[in-house]
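Thanks for coming. Please have the sequence and the model open while I talk, and stop me if you lose the place.

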Amino acid sequence: FLQAAGGRLLLVCPRMLHSAPYPVVIFASLFLSSLLPLCEGGLTRSFFSTGIGLLLFLWIWGDLLWFAFVLLAGSYVITQALHRTKYCGLVGTSFSFILANLLRVAAHHNWAKVTLSADLCLYMLALRVSTVAWHAQDHKQVPRFLDVVHFIFFFPGMSTGPNLSYESVQKALTDPNTHKSNPMLFIWRRVKETIFHLTAFMLFMTFVDEAKEVISTSEEFQQWPFLQRFAYIHFFCFMRRAQIGFVWFIAECTCALSGLGYREDVTDRSGAKIDEDVIKAWDPALELATSTKLKVRMWNCSVQTWLAINVYKRLPSKMPKMVRRVVALSVSAFWHGVDPGLYISFVLYPFFELAEGTLTDLKWPGEDNPTIALVYRAVRIVIATLTMDFALVPFQLLTFEASWRAWKALHFYGFGVAAVFFVTGKAIRRNIRHLKKRRTAEMLEVPPSKLKAQEPVFLAPSGGPPLSEDPTFSPEVLEDSDVNGSGSAKQRRRGNKDMSDKANRDKGD
């Protein structure tokens, strides 16, 4: 009787669990992850994590369990066969991403039923098997099969992110001191940092789905006053960030409780001994970032790191930076799925960023005054927010028709503003170069046409990355340039020296 009851339970349980909502998955992972550091490091902790991961795997995939194992088995065979070649990571990543998108196409045509939990788990599963392939290529050796299993079925972040490196998971499973990381300090800090988004999500939990339907299909919406449509669409974009941010907050807490990121020699801002970069999914401060570039850097940080390491930096260095960025973003779009809106947003975004930066990266008049600089900072925050929202509308709505309707409701203002910013910024920079060229010519007493034009100085807004991190920045330009037109001290010394040398030559003649 017990054997029969147990056998029936094994058959029925996965189907019952498969129908459970997505929040049950993430909160179950949150609770269970707190038990992980209590296990003795090594095999005990590894098998505990893998056991929980397998149960969650059965829970999430249900009737599509066969597909998940095809993906795992195929990726492992590719890694074993190609790990000594330079194509292992590329082939492994292509295989996992293509197979994942084939399932999404099947779900779109109702050939397969993919739950929200399975779809989100598919994102992370494709990244994990790809991570193993790139790791094997870089080390010319495939990790032990058991270690690969422990990495794939490491349950924190399995269906929520963040993306985890192979080394960080191995350390979390083997380091006996991960219980010393003080994760509650980290969690409390993240609560304070994300309280604005968490509160918004709790208050307007159902707004995103309702707004998406209204924007995509409602004819009445197109008749609303422009300012009402404008506010509605941008609030929808903010609430979408709050919705995803809530899930990522839970994911980061789960990873922190599991001991991920523990380092004895590191103390974060809260006092926890956690390397935040290991488990960071996003930065809530993106709402106050002064450029679209900074905002995007603060979003989905772990996946951006994966793309930078495995795509962007592996492209030929002679390839133009803009081309490499478009390639990396296209790979990101393909990882997200096959919906047209994903590709529209990821391809257009670099050009919106370029147009915005052409004007906003310049030092504006009176910016040395703290009060005026604060006003400029607020203006840049608004510009960056509106630019990112407009560029990523297709990413939120997914279909071309819905994206076109949303842009039409906004009178396509983003394209016009981007064009004005680009043309104006280029004109100002050209004028600055011309003024500098003329003033330098006056000091050197030579015709302006014989001087080589210099690029204008452009300063990162407050809160931006140091100029030294910009690959296009040259210290000589900063040292020799002055956008206010007075000329730097070095220019004046150089001009005086040249004029002195000319006087001496004339006297000698």
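I will begin with one residue and work outwards. Gln 222 counts as buried, because its relative accessibility is 17% and the cut-off for buried is under 20%. On the chain, Gln 222 sits in the loop between α10 (207–217) and α11 (226–257). What does Gln 222 touch, once its neighbours within four places in sequence are left aside? The contacts are Arg 229, Arg 405, Lys 408 and Ala 409. Take Ala 409 from that group: 187 residues separate Gln 222 from Ala 409 in sequence, yet their C-alpha atoms are 5.9 Å apart in space.

That pair leads to the chain as a whole. Counting contacts with a separation of 6 or more, 71% are between residues 24 or more positions apart. The protein chain has 509 residues, and 48% of them count as buried. The chain exposes about 25,700 Å², with carbon and sulfur atoms supplying 66% of that area. As for secondary structure, there are 22 helices and zero strands.

Now a caution. This is a predicted model, with a mean pLDDT of 83 for the protein chain, and 83% of the residues reach 70 or more. Two stretches fall below 50. One is residues 1–19, which has nine contacts in the model beyond near neighbours in sequence. The other is residues 453–500, where the count of such contacts is 71. Where pLDDT is low, the coordinates should not be read in detail. Please keep that in mind when you look at those two stretches.

Next, backbone geometry. Most residues other than glycine have a negative phi, and most peptide bonds are trans. I have three exceptions to show.

The first is a peptide bond. Gly 161 and Pro 162 are joined in cis, with omega at about -5°. Pro 162 belongs to the loop between α7 (145–152) and α8.

The second is Lys 140, which is not glycine but has a positive phi, near 55°. You will find Lys 140 in the loop between α6 and α7. Is Lys 140 buried, exposed or partly exposed? With a relative accessible area of 41%, Lys 140 is partly exposed, because that value lies between the cut-offs of 20% and 50%.

The third is Asn 300, again a residue other than glycine with a positive phi, here near 50°. Asn 300 is in the loop between α13 (292–297) and α14. Its relative accessibility is 13%, so Asn 300 counts as buried.

Before leaving Lys 140, look across to Lys 86. Lys 86 lies in the loop between α4 (65–82) and α5 (88–108). The two lysines, Lys 86 and Lys 140, are 54 residues apart in sequence, and the distance from C-alpha to C-alpha is 9.4 Å. Lys 86 has a relative accessible area of 61% and is exposed.

Last topic: empty space. Rolling a probe the size of a water molecule over the atoms shows where such space is left.

How many cavities of 30 Å³ or more does the count give? There are three. The largest cavity has a volume of about 60 Å³. Its lining includes Ile 26, Ser 29, Phe 155, Pro 156, Ile 250 and Thr 254. Two helices, α2 (22–33) and α11, each give at least two residues to that lining. The largest share, three residues, comes from α11. By type, the lining of the largest cavity has six nonpolar residues, five polar and no charged.

I will also show the second largest pocket, which holds about 510 Å³ of space. There are 26 residues in its lining, and those closest to the centre are Leu 164, Ser 165, Tyr 166, Glu 167 and Ile 309. Four helices give two or more residues each to this lining: α6 (116–139), α8 (166–174), α12 (276–279) and α14 (301–310). Which types of residue line this pocket? The lining of the second largest pocket divides into eight nonpolar, 12 polar and six charged residues.

To finish, go back to where we started and find Gln 222 in its loop between α10 and α11. Then look for Ala 409, in contact with Gln 222. That is everything I have for today.

Note on methods:
Residues are numbered from 1 along each chain as its sequence is written. This is a predicted model: local features need pLDDT of at least 70, side-chain atom pairs count only at pLDDT 80 or more; totals for chains, interfaces and linings use all residues. Side-chain values use heavy atoms; hydrogens and water are left out. pLDDT is the predictor's confidence in each residue, from 0 to 100. Contact means heavy atoms within 4.5 Å. Buried means under 20% relative accessible area, exposed over 50%, partly exposed in between (1.4 Å probe, protein chains only). Accessible areas come from the Shrake-Rupley method with a 1.4 Å probe; for residues, only the protein chains shown count as cover. On a 1 Å grid over the protein atoms alone, a cavity is a set of points where a 1.4 Å probe fits but cannot get out, and a pocket is an open set with protein on both sides within 12 Å along at least five of seven lines; lining residues have an atom within 4 Å of a point. Grid points are joined across faces, edges and corners, and a volume is the space filled by probe spheres set on the points. Ala, Val, Leu, Ile, Met, Phe, Trp, Tyr, Cys and Pro count as nonpolar, Asp, Glu, Lys and Arg as charged, and the others, Gly among them, as polar.
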